[in-house]
Amino acid sequence: MTDAVKKCAGGLEAPGAYLSGGVDSAGVCAVLSSVLGIKPKAFTVGFDDERFSEIPAAEVIARRLNLDWSSSILKASDFVPLMSRLVNVFDSPFEDSSAFPCYHGAEIAASRVGVVLTGDGPDQLLGGSNRHAALLRSVQAPGWRRRALRRSGFKHLCRMLPITTANESARSRIVRKLYRDSLEPGEVSYEPRIAPMMVQRSLYSPGFLKLTRSMPSSRNVLPVMEQARGRHPLEQYLHFDVHFYLHDCLLPKVERTCSAHSLECRMPYLERDLVDFVRGLPLVDRIHGPLQKAILRRSLAGFLPHETLAPGKSGFAIPRDRWFAGELGDTITDVLTDRRCIERGYFSRDGLSGILSGFFSGGVRYYSSSSGVLMALLTLELWHRDYIDQP
């Protein structure tokens with residue numbers, strides 16, 4: 001890791017570095033400051049909701065490492081103007097709400113440095129997500145229900161029959177739970193997340209649903225997943241994350257938002273020698289009991305505050321639920337109930353109305369009426385207006 005950071009910082013007197021409250025970016029800053037003796041200019045983006053803002057945690061790290069540190073806060077009122085810019089930055093309907101703080105952070109960093117080091121990569125290489133830990137637990141102790149459902153073929157029944165889960169009734173929640181538990185561990189990684197299969201059946205128009213069934217997204221995934229056949233389910237999940245989530249989401253997010261401000265980004269964790277080393281590690285060095293990215297945390301012990309190394313950080317999230325249910329609610333409703341959105345033919349009017357009413361009735365639902373689904377629909381519609389509707 002020291003070699004990787006040194007290579008990325010080569011030729012720079014005072015590189016920039018992103019600093020969240022987590023161990024990944026803090027690790028890069030720790031190597032720069034405590035090992036290499038380089039004092040980086042570190043940048044943190046927070047929010048007007050203290051439950052999501054990482055500024056306090058980042059400040060603890062910055063003080064410990066004596067960094068040249070600055071922070072900035074994003075508010076709900078910044079969301080819509082940034083949304084319009086990001087549609088053009090990505091050229092495609094790119095849905096990842098953490099692109100907003102990334103874009104804002106790049107704008108701030110570009111005013112002070114020309115190169116910024118990032119902490120991207122460890123989650124996908126070392127199993128840093130809560131999903132990875134949950135998968136490992138389900139493999140190690142699947143329980144009688146999962147074992148029975150996997151043997152029963154329940155997942156095939158759900159896929160054949162027109163079962164929907166368009167609401168949060170007890171029946172819908174039970175069916176979703178049973179379907180997810182019936183999947184083999186390796187399948188969990190590429191099961192649709194933004195609009196799961198049973199939500200698609202109520203949201204999509206009949207024609208669009210038929211089209212998606214004839215051209216499932218899994219056709220792009222399964223040939224790559226064949227390379228991981230026979231490996232441990234967690235290694236299969238990480239294989240998917242590296243080849244798809246990291247490659248198609250996280251890297252474009254960081255690189256595009258930096259490029260939009262003529263800022264160069266360098267990613268120490270993705271240096272070839274470090275990646276090759278990490279991918280050969282046994283699973284116990286990735287997740288050890290409750291400790292995710294175990295070897296990384298052990299390596300940085302003594303350099304970072306104890307609270308930074310302790311498990312618990314959930315990812316670079318924005319207070320999307322509160323923003324969408326609050327001052328952004330009218331904007332979202334206006335866009336998604338507009339005649340142009342309905343007449344595109346992707347979604348049913350009742351399906352869209354159900355998602356909106358479910359969300360704004362006070363039910364922030366993970367599956368059927370989540371802010372994530374609304375974010376994806378909003379992004380898709382704004383992209384169409386900029387790229388398809390323009391003469």
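What share of the 391 residues in the protein do buried residues make up? In this predicted model, the answer is 52%. The legends below start with the whole fold and then zoom in.

**View 1. The whole chain, with its 22 helices and seven strands.** For overall size, the radius of gyration is 22 Å and the globule rule gives 21 Å for 391 residues, so the protein is as compact as a globular protein of that length. Laid along its principal axes, the C-alpha trace spans about 60 × 50 × 35 Å. Take the contacts with a separation of 6 or more: 77% of them join residues 24 or more positions apart. On the outside, the accessible surface comes to about 18,500 Å², and carbon and sulfur atoms hold 53% of that. As for charge, there are 49 positive and 42 negative ones, and their mean positions sit 7 Å apart.

**View 2. Two Phe rings stacked on helix H14.** A search of the whole structure turns up 13 aromatic pairs. Here Phe240 and Phe244 make a stacked one, with 5.2 Å from centre to centre and 25° between the planes. Why are these two separated by about one helical turn? Because they are four residues apart in helix H14, which runs over residues 233–259. Both count as buried: Phe240 has 11% relative accessibility, and Phe244 has 16%.

**View 3. An edge-to-face pair, Tyr346 and Phe347.** These ring centres are 5.9 Å apart, and the planes meet at 70°. Is Phe347 buried or exposed? At 10% relative accessibility, Phe347 counts as buried. Its partner Tyr346, at 25%, counts as partly exposed.

**View 4. A cluster of aromatic rings.** Which residues do the ring pairs link here? Look for Phe47, Phe79 and Phe100, together with Trp323 and Phe324.

**View 5. Asp389 and the residues it touches.** Asp389 lies in the segment after helix H22, which covers 371–387. With a relative accessible area of 35%, this Asp389 is partly exposed. Leaving aside residues up to four places away in sequence, Asp389 touches Arg340, Arg344 and His384. Take Arg340 and Asp389: they are 49 residues apart in sequence, yet 9.5 Å apart in space from C-alpha to C-alpha.

**View 6. Asn66, a loop residue with a positive phi.** Most residues other than glycine have a negative phi. For Asn66, however, phi is near 55°. Where is Asn66 found? It is in the loop between helix H3 (55–65) and strand E3 (68–74). Asn66 counts as exposed, at 52% relative accessibility.

**View 7. Ser262, another loop residue with a positive phi.** Ser262 is not a glycine either, and its phi is about 55°. The loop that holds Ser262 lies between H14 and strand E5 (264–266). At 70% relative accessibility, Ser262 counts as exposed, and H14 is also the helix that carries Phe240 and Phe244 from View 2.

Key: Residues numbered from 1 in each chain as written. Predicted model: local features only at pLDDT ≥ 70, side-chain atom pairs only at ≥ 80, totals over all residues. Heavy atoms only, no water. Phe/Tyr/Trp six-rings, centres within 6.5 Å; stacked < 30°, edge-to-face > 60°. Buried < 20%, exposed > 50% of the residue type's maximum accessible area, 1.4 Å probe, protein only. Rg over C-alpha atoms; globule rule 2.2 N^0.38 Å. Contact = heavy atoms within 4.5 Å. Areas by Shrake-Rupley, 256 points an atom, 1.4 Å probe, with all protein chains shown as cover. Lys, Arg positive; Asp, Glu negative; His and termini not counted. Charge placed at Lys NZ, Arg CZ, Asp CG, Glu CD.
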